[in-house]
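Here are my notes for you, as a numbered walk through the model. Keep the 3D view open and click on each residue as you meet it.

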Amino acid sequence: MKYRKASEIFPDELLREIQKYTSGELVYIPKATERDNWGSNSGAKTFYARRNNEIRNKFHYERRGLEDLAEEYHLSEDTVRRIVYHKQ
């Protein structure tokens, strides 16, 4: 993020109004556009959803144990337990 001088960006009238609330401080102004949801651009969200569904199916329908699934997916047993018992 790049710092820019407020007097170069805002009209004088707006700058004076902002100075009524704060002066000489750094102020963060967020982007006007909405942020994308986590993992939507990289495909991570889809990847983990698919993996977690596989784990649930193997646990419930194939009767695989927590220890076995943890070893197969390189996760801790606690993580597999959270995935398996998570309410959708």
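1. Let's begin with helix H5, residues 77–85, whose buried residues are Val 80, Ile 83 and Val 84. Buried means under 20% relative accessible area, exposed means over 50%, and partly exposed lies in between, using a 1.4 Å probe and protein chains only. The three buried residues span an arc of only 95 degrees around the axis, so they sit on the same side of H5. That arc is taken from the directions from the helix axis to the C-beta atoms. An α-helix has 3.6 residues a turn, so residues three or four places apart point the same way. On the face turned away from the buried side of H5 you will find the exposed residues Arg 82 and Tyr 85.

2. Before going on, a word on what you are looking at: this is a predicted model, in which local features need pLDDT of at least 70 and side-chain atom pairs count only at pLDDT 80 or more, while totals for chains, interfaces and linings use all residues. Residues are numbered from 1 along each chain as its sequence is written, and side-chain values use heavy atoms, with hydrogens and water left out. Helices (H or I, at least four residues) and strands (E, at least two) are DSSP runs, numbered from the N terminus.

3. What covers the buried residues of H5? The cover includes helix H3 (44–60) and helix H4 (66–73). For one residue in detail, take Val 84: not counting residues up to four places away in sequence, Val 84 touches Ile 55, Arg 56, Phe 59, His 60 and Leu 66. Contact here means heavy atoms within 4.5 Å.

4. The largest nonpolar core has nine residues: Ile 55, Phe 59, Leu 66, Leu 69, Ala 70, Tyr 73, Val 80, Ile 83 and Val 84. H3, H4 and H5 are the elements that give two or more residues to this core, and H4 has the largest share, with four. Such a core is a set of buried Ala, Val, Leu, Ile, Met, Phe, Trp, Tyr and Cys residues joined through side-chain atoms within 4.5 Å. In soluble globular proteins, nonpolar side chains tend to be buried together.

5. Leu 69, in helix H4, is a good core residue to click on. Leu 69 counts as buried because its relative accessible area is 0%. Leaving aside neighbours within four places in sequence, Leu 69 is in contact with Ile 55, Lys 58, Phe 59, Arg 64 and Val 80. The C-alpha atoms of Leu 69 and Arg 56 are separated by 9.6 Å, with the two residues 13 apart along the chain.

6. Now for two loop residues. Arg 63 lies in the loop between H3 and H4, and His 74 lies in the loop between H4 and H5. Phi is near 60 degrees for Arg 63 and near 55 degrees for His 74. Most residues other than glycine have a negative phi, and most peptide bonds are trans. Arg 63 is exposed because its relative accessible area is 69%, and His 74 counts as exposed because its relative accessibility is 71%.

7. Finally, look at Tyr 3, in the segment before H1. Is Tyr 3 buried or exposed? Tyr 3 counts as exposed because its relative accessibility is 66%. The C-alpha atoms of Tyr 3 and His 60, which are 57 residues apart along the chain, are separated by 54 Å.
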